[in-house]
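Trainee: I'd like to go through this structure with you, one question at a time. Can we start from the terms and then work our way around the chain?

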Amino acid sequence: MQKDRQYMLTVEELSRLNGWRPKEVMAALDETELVRRSHIQTAVRPGMVKKFLQENGMDYTPRVVAHINLKGGTGKTTSAISTASRAAQYGFRTCIIDMDSQASASFAFGMVPEDEDPIFCDVWQNPADMVMGAVREISEYLYILPSSLDNGLLDMQLINPAAQKNAVNGVCEELIRNGFHLIVLDCPPSLGTAIISTICASDTIVIPLGHDAFSKKGLELTIEEVHSICDTFNLDLPGIRLLFTKFDRRIKMARESFDRLFARYPETMIPFPIRTSSEFSKTLEKNETIFASTRKNSAREDYDAYVRTLLGLDKSFSQENG
Ligand SMILES: Nc1ncnc2c1ncn2[C@@H]1O[C@H](COP(=O)(O)OP(=O)(O)OP(=O)(O)O)[C@@H](O)[C@H]1O
Ligand SMILES: [Mg+2]
């Protein structure tokens, strides 16, 4: 119950989304779905958030979003776990698939599997029987298929191109059949079969990157790779979004780099960066994400704006209201 309470949107946050007053939002919600946290703060269970947002035009069509950059340390895991926990609060039944044998996303939630617990490499061949027994609940609407070093076996298991094309897709389809609206994949920083299979299954690929030259090299390689894999397997190109992370506006090179990338990829680039913040390491130490508390900070603000852009939340409200 304690964990449940952590990952919930507040009435005030919901009211800010559509411009209603908190009292008006409260009146539209089912009282049994509200959790009073303090005399000023009331949280809303994700199922009720979904019902409310759906009535306001939000689209919950299932989608698969992967975080990929062949360069390491660019903010893939941070983006994946922040996106997933915020999306769950917005009423998306969300599952993170940890594809990285470093297992950083699994560590982040304190969900490191025991030897006998199934992980991706144990379930992809038989998703209908294996997947739902392998995912673990972090909180209401937020689940994870954890990873461990054993996922390193994937490069051997997925030698056959047909297996590469279908492995991640089969697992995602099974999750969607079981009511998930959003699958968030966290990928390793290397080109292997896990990435190839992830690209084949994704609706959207988010490429987190910083201002350093290696990060940009990673961007070029990742975009090339996405095109080449879609060509090879005769698949439609997924949507590509670039997310500028660890932005420090005091660094001239960071400002210039953001502006240059935005000028070059005006449609693809998320139009604001994620600022550097110490909140990420502070919350990780507690096995939480930045959305576990409602305390205001730039990390929360930036990833919330990003998730709203990614999921089309702002767009549905502006269409609905005017
Ligand atoms: N906006 C940010 N501000 C400050 N620190 C950040 C930010 N984003 C990520 N970090 C930190 O940078 C480090 C690398 O981030 P993260 O693990 O998300 O990268 P990654 O791309 O998943 O790395 P890998 O390639 O090893 O999987 C972590 O310590 C993380 O807490
Ligand atoms: Mg990572």
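Mentor: Sure, and let's settle one term up front: a polar contact is a pair of N or O atoms within 3.5 Å. Keep in mind that this is a predicted model.

Trainee: With that cut-off, how far is an oxygen atom of ligand 1 from an N or O atom in the side chain of Lys-246?

Mentor: A polar contact needs N or O atoms within 3.5 Å. The pair here joins an oxygen atom of ligand 1 to a side-chain N or O atom of Lys-246, and the distance is 3.0 Å.

Trainee: How much of the accessible area of ligand 1 does the protein cover?

Mentor: Start from the ligand on its own, which has 630 Å² of accessible area. Of that, the protein covers 77%.

Trainee: Which pocket does the space taken by ligand 1 correspond to?

Mentor: For a molecule to sit in a pocket, more than half of its atoms must lie within 2 Å of the pocket's grid points. The space that ligand 1 takes up is the second largest pocket.

Trainee: Which helix gives the largest share of the shell around ligand 1?

Mentor: In total, 16 residues surround the ligand, and the closest are Gly-73, Thr-74, Lys-76, Thr-77 and Thr-78. By type, the shell splits into three nonpolar, nine polar and four charged residues. The largest share, three residues, comes from the helix spanning residues 76–89, and that is α5.

Trainee: Let's stay with Lys-76, then. Is Lys-76 buried or exposed?

Mentor: Lys-76 is found in helix α5. A polar atom of the Lys-76 side chain lies 2.8 Å from an oxygen atom of ligand 1. The cut-off for burial is under 20% relative accessible area. Lys-76 has 6%, so it counts as buried.

Trainee: What is the C-alpha to C-alpha distance between Lys-76 and Asp-186?

Mentor: Along the sequence, these two are 110 residues apart. In space, C-alpha to C-alpha, Lys-76 and Asp-186 are separated by 6.5 Å.

Trainee: And Gly-75, how far is a backbone N or O atom of that residue from an oxygen atom of ligand 1?

Mentor: For Gly-75 the partner is a backbone atom, N or O, facing an oxygen atom of the ligand. Their separation is 3.0 Å.

Trainee: Moving on to Ser-190, is this residue buried, partly exposed or exposed?

Mentor: Ser-190 lies in the loop between β8 (182–186) and α11 (193–201). Its C-alpha is 7.9 Å from that of Gly-72, with their positions 118 residues apart in sequence. The relative accessible area of Ser-190 is 39%, so the class is partly exposed.

Trainee: How far apart are the C-alpha atoms of His-211 and Leu-191?

Mentor: His-211 sits in the loop between β9 (204–209) and α12. It is partly exposed, at a relative accessible area of 22%. Leu-191 is 20 residues away along the chain, and the C-alpha separation is 21 Å.

Trainee: Now for backbone angles. What is phi of Asn-234 near?

Mentor: Asn-234 is in the loop between α12 (213–232) and β10 (239–244). Its relative accessible area is 70%, so the residue is exposed. Phi is positive in this residue other than glycine, near 55 degrees.

Trainee: Is Asn-287 buried, partly exposed or exposed?

Mentor: Asn-287 is in the loop between α14 (279–285) and α15 (298–311). Its phi is positive, near 55 degrees. With 30% relative accessibility, Asn-287 is partly exposed.

Trainee: Last one: which residue with positive phi follows α4?

Mentor: Helix α4 covers residues 46–55, and its buried residues are Pro-46, Met-48, Val-49, Lys-50, Phe-52 and Leu-53. After α4 comes a residue with phi near 100 degrees, namely Gly-57.

Conventions
Residues are numbered from 1 along each chain as its sequence is written. Chains are lettered from A and ligands numbered from 1 in the order in which they are written. This is a predicted model: local features need pLDDT of at least 70, side-chain atom pairs count only at pLDDT 80 or more; totals for chains, interfaces and linings use all residues. Side-chain values use heavy atoms; hydrogens and water are left out. A residue is near a molecule or strand if one of its heavy atoms lies within 4 Å of it. A polar contact is a pair of N or O atoms within 3.5 Å; within protein, one must be able to donate a hydrogen and the other to accept it, and residues adjacent in sequence count only if both atoms are side-chain atoms. Accessible areas come from the Shrake-Rupley method with a 1.4 Å probe; for residues, only the protein chains shown count as cover. On a 1 Å grid over the protein atoms alone, a cavity is a set of points where a 1.4 Å probe fits but cannot get out, and a pocket is an open set with protein on both sides within 12 Å along at least five of seven lines; lining residues have an atom within 4 Å of a point. Helices (H or I, at least four residues) and strands (E, at least two) are DSSP runs, numbered from the N terminus. Ala, Val, Leu, Ile, Met, Phe, Trp, Tyr, Cys and Pro count as nonpolar, Asp, Glu, Lys and Arg as charged, and the others, Gly among them, as polar. Buried means under 20% relative accessible area, exposed over 50%, partly exposed in between (1.4 Å probe, protein chains only).
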